[in-house]
Protein chains: 2
Amino acid sequence: MKTYHQQQLDAFGDVTRRALLERLRSGPLPVGELAEGLPVTRPAVSQHLRVLKHAQLVRDEARGTRRYYRLDPRGFASLRSYLDRFWDEALEAFKAKVEEK
Amino acid sequence: MKTYHQQQLDAFGDVTRRALLERLRSGPLPVGELAEGLPVTRPAVSQHLRVLKHAQLVRDEARGTRRYYRLDPRGFASLRSYLDRFWDEALEAFKAKVEEK
DNA sequence: ACTTACGGTAAGCTAATACTTACCGTTATC
DNA sequence: GATAACGGTAAGTATTAGCTTACCGTAAGT
């Protein structure tokens with residue numbers, strides 16, 4: 001089993017997925033529009049969106065025949081708290097090292 | 001050419017590299033010790049360290065025959081500011097959308 | 001000086017993952 | 001109800017990226 005922040009980091013570890021996320025910053029978009037301009041086909045985009053969805057970085061909502069994707073705050077919050085915790089613990093360890101000398 | 005935050009996200013997009021970074025939270029370590037316990041060989045670790053170094057997530061320092069690796073604040077700061085900026089812009093866009101209605 | 005410890009690099013292999021084509025289901029439109 | 005638009009899924013291919021083995025250089029110890 002993979003923790004969420006791991007899934008989020010994996011999801012961010014691909015340029016195409018990052019491009020998708022960047023596009024979604026300006027607001028929700030249907031899959032077709034998301035795929036436009038990208039150097040990959042629409043099905044590829046669908047597959048990336050699935051990964052992003054599992055990582056809770058995007059949410060989707062069907063509207064008629066279109067399916068709108070938007071950024072999901074949950075994934076970003078989780079990712080951020082992981083990085084913060086990570087760095088805090090590193091500083092903690094560093095301080096401890098200094099004092100022990 | 002790749003921007004730094006892209007390199008950092010790529011670097012974080014691998015479990016072994018994340019494991020290395022987590023080990024380094026408790027302080028600097030030589031390559032041999034870093035490799036111990038991991039399910040991969042030492043050369044593999046060296047290669048991962050190279051990626052992490054280019055992403056400015058670790059620094060290295062030779063001491064005798066050993067080479068100590070430690071976390072590098074630069075990469076983390078850069079990554080954090082990217083994520084913050086990313087999310088800020090998303091909120092900005094969201095606000096603008098609401099007001100325009 | 002010889003030997004051992006440490007770790008980087010290259011070449012080649014393997015495994016993971018991104019991508020495409022083909023297909024199908026659903027919703028809307030005529 | 002037929003057709004078109006939209007998008008998800010499956011199967012197979014291709015590319016990427018991680019891993020190993022082999023090798024070399026440098027620094028320390030004997």
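These are my notebook entries on two protein chains and two DNA strands in a predicted model.

**Entry 1: how the two chains relate**

I began with chains A and B. I laid chain B on chain A and got an RMSD of 0.1 Å. The move was a turn of 180° with a shift of 0.0 Å along the axis. That is the relation of a two-fold axis. Next I asked which residue of chain B comes closest to the rotation axis. It is Gly13(B), with its C-alpha at 2.2 Å.

**Entry 2: where the chains meet**

I looked up the contacts between the chains. I found 27 residues of chain B in contact with 28 residues of chain A. I then compared the two sides. Of the interface residues of chain B, 100% are also interface residues in chain A, so the copies meet through the same surface.

I noted the buried area too. It is about 2,500 Å² between chain B and chain A. Carbon and sulfur atoms give 63% of it. Which residues of chain B lose the most area to chain A? They are Arg25(B), Phe86(B) and Trp87(B). Together these three account for 26% of what that side buries.

**Entry 3: charges and elements at the interface**

I searched for salt bridges across the interface of chain B and chain A, and the rule finds six. I wrote one down: the side chains of Glu89(B) and Arg25(A) meet in a salt bridge, 3.2 Å from N to O. I also looked for polar contacts across this interface. The rule finds eight residue pairs, both partners at pLDDT 80 or more.

Then I sorted the side of chain B that touches chain A by element. Helix 1 (4–12), helix 2 (15–24) and helix 5 (73–100) of chain B each give two or more residues to that side. Helix 5 of chain B has the largest share, with 13 residues. By class, I noted 13 nonpolar, four polar and ten charged residues on this side.

**Entry 4: DNA strand C**

I moved on to the DNA. There are 23 residues around DNA strand C. Which of them come nearest? They are Thr41(A), His48(A), Gly32(B), Ser46(B) and Arg67(B). Both chains are on that list.

I checked which part of the strand is involved. Of the atoms of DNA strand C within 4 Å of the protein, 63% belong to sugar or phosphate. The rest belong to bases.

I listed three side chains that reach phosphate oxygens of strand C.
- His48(A) has a polar side-chain atom 2.4 Å from a phosphate oxygen of DNA strand C.
- Arg17(A) has a polar side-chain atom 3.0 Å from a phosphate oxygen of this strand.
- Tyr69(B) has a polar side-chain atom 3.0 Å from a phosphate oxygen of this strand.

For the elements, I noted helix 2 (15–24) and helix 4 (42–54) of chain A. From chain B I noted helix 3 (31–35), helix 4 (42–54) and strand 3 (66–71). Each supplies at least two residues of the surface near DNA strand C. Helix 4 of chain B gives the most, with five residues. The surface near strand C has seven nonpolar, ten polar and six charged residues.

**Entry 5: DNA strand D**

I repeated the search on the other strand. DNA strand D has 23 residues around it. The nearest are Gly32(A), Ser46(A), Arg67(A), Thr41(B) and His48(B). Of the strand D atoms within 4 Å of the protein, 62% belong to sugar or phosphate and the rest to bases.

I picked out three contacts from chain A.
- Ser46(A) has a side-chain N or O atom 2.4 Å from a phosphate oxygen of DNA strand D.
- Thr65(A) has a polar side-chain atom 3.0 Å from a sugar or linking oxygen of this strand.
- Arg42(A) has a polar side-chain atom 3.1 Å from a base nitrogen of this strand.

Helix 3 (31–35), helix 4 and strand 3 (66–71) of chain A each give two or more residues to the surface near DNA strand D, as do helix 2 and helix 4 of chain B. Here the largest share, five residues, comes from helix 4 of chain A. By class, I counted seven nonpolar, ten polar and six charged residues near strand D.

Technical notes. Residues numbered from 1 in each chain as written. Chains lettered and ligands numbered in written order. Predicted model: local features only at pLDDT ≥ 70, side-chain atom pairs only at ≥ 80, totals over all residues. Heavy atoms only, no water. Near = heavy atom within 4 Å. Polar contact = N/O pair within 3.5 Å; in protein donor to acceptor, adjacent residues only side chain to side chain. Helix = DSSP H or I, 4+ residues; strand = E, 2+ residues; numbered from the N terminus. Nonpolar A, V, L, I, M, F, W, Y, C, P; charged D, E, K, R; others polar. Least-squares fit on C-alpha atoms with pLDDT ≥ 70 in both. Contact = heavy atoms within 4.5 Å. Buried area = accessible area lost by both parts, 1.4 Å probe. Salt bridge = Lys/Arg side-chain N within 4 Å of Asp/Glu carboxyl O.
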